[in-house]
Amino acid sequence: MSYLGFTGSCAVNLVSSTEIRIVKSLLFSPLLSVFPTMSTTPASTKPAATTTGAAKRKPVFVKVEQLKPGTNGHTLTVKVVSSKPVASPKPRPGFIAARHNRIAECLVGDETGSIVFTARNEQVDMMKPGATVILRNAKIDMFKGSMRLAVDKWGLVEVTEPAKFVVKEDNNLSLVEYELVNVVQE
């Protein structure tokens, strides 16, 4: 007989291809008196953790004016003010063209401010002027020193019922120019 491995205070011994027998190892018996919480029950026979006990977190909705450079994980409800498609660059000669990416720059906002949202591929179809959308797991990208809101493959853009707020277009966070400054600690 040969041991396959150890689980807690037990050695696992393969008896046949379909049966695994748990054999107490004499090596671990002194440890049981020192560590009484060590289990001699194999992991496969322990009751599984219930999935109903782990409740999902409620999303925390933020306002546009609360967005800061370099942050991510934002959930916000915004209204689309305008949407302009961006011309995709032409493939260089000699290179195989990758899949066609559609990109649109959309001005979105809420009652506290507005920001440019970069919509990609399927997101472009949802970003129609006047539509209200919920952006989940959105992030702030920096482009030429200004903030852009984006939702990557880990986030979600979903159209929702029309919002009652009026977008505050005069507080456009994408018009603020930021500069990265290195601070030397002495």
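Buried, in this tour, means that a residue has under 20% relative accessible area, while exposed means over 50% and partly exposed lies in between, with a 1.4 Å probe and protein chains only. The model you have open is predicted, so local features need pLDDT of at least 70 and side-chain atom pairs count only at pLDDT 80 or more, while totals for chains, interfaces and linings use all residues. Residues are numbered from 1 along each chain as its sequence is written, and side-chain values use heavy atoms, with hydrogens and water left out.

**Stop one: strand S6**

Select residues 114-120, which make up strand S6; strands (E, at least two residues) and helices (H or I, at least four) are DSSP runs, numbered from the N terminus. Of the 7 residues of S6, 6 are buried, so this strand is largely enclosed by the rest of the structure.

Now add strand S5 (103-109) to the selection, and you will see two strands that run antiparallel and are joined by 7 bridges; strands are said to pair if DSSP finds at least two bridges between them. S5 and S6 form a hairpin with 4 residues between them, and Ser 114 in S6 is the bridge partner of Gly 109. Next, show strand S8 (146-150), which runs parallel to S6 and is joined to it by 3 bridges; here Phe 117 has Leu 149 in S8 as its bridge partner.

**Stop two: the nonpolar core**

A nonpolar core is a set of buried Ala, Val, Leu, Ile, Met, Phe, Trp, Tyr and Cys residues joined through side-chain atoms within 4.5 Å. In soluble globular proteins, nonpolar side chains tend to be buried together. The largest such core here has 23 residues, and you can select those with the most contacts inside it: Leu 67, Val 108, Ile 115, Phe 117, Met 127, Leu 135 and Leu 149. Two or more residues each are given to this core by strands S4 (72-86), S5, S6, S7 (132-143) and S8, and the largest share, 4 residues, comes from S7.

Centre the view on Ile 115, and, leaving aside its neighbours within four places in sequence, look for its contacts (heavy atoms within 4.5 Å), which include Val 64, Leu 67, Val 108, Ile 140, Met 147 and Leu 149.

**Stop three: Asp 110 in the loop**

Move to the loop between S5 and S6, where Asp 110 has its place. Is Asp 110 buried or exposed? At 1% relative accessibility, Asp 110 counts as buried, yet Asp 110 has no salt bridge, and the nearest side chain of opposite charge, Lys 63, is 4.7 Å away. For such charges, Lys and Arg count as positive and Asp and Glu as negative, while His and the chain ends are not counted; a salt bridge is a side-chain nitrogen of Lys or Arg within 4 Å of a carboxyl oxygen of Asp or Glu.

What does the side chain of Asp 110 reach? The side chain of Asp 110 reaches the backbone nitrogen of Val 64 at 3.1 Å, and it also makes a polar contact with the side chain of Thr 112 (2.7 Å). Now show Val 167 as well, which is 57 residues from Asp 110 in sequence but 4.6 Å from it in space, C-alpha to C-alpha.

**Stop four: the salt bridges**

Side chains of opposite charge can pair when their charged atoms come close. The structure holds 6 salt bridges, and one of them joins Glu 111 to Lys 63, with the closest N and O atoms 2.6 Å apart. Glu 111 lies in the loop between S5 and S6 and Lys 63 in the loop between helix H1 (29-34) and S4, so the pair ties together parts that are 48 residues apart in sequence.

Next select Arg 136 and Glu 158, which form a salt bridge with the closest N and O atoms 2.4 Å apart. This pair links distant parts of the chain, with Arg 136 in strand S7 and Glu 158 in strand S9 (residues 156-160), 22 residues apart.

Finally, select Asp 141 and Lys 139, whose salt bridge has its closest N and O atoms 3.8 Å apart. Add Asp 152 to the view, where salt bridges that share partners join Lys 139, Asp 141 and Asp 152 into one network.

Key
A polar contact is a pair of N or O atoms within 3.5 Å; within protein, one must be able to donate a hydrogen and the other to accept it, and residues adjacent in sequence count only if both atoms are side-chain atoms.
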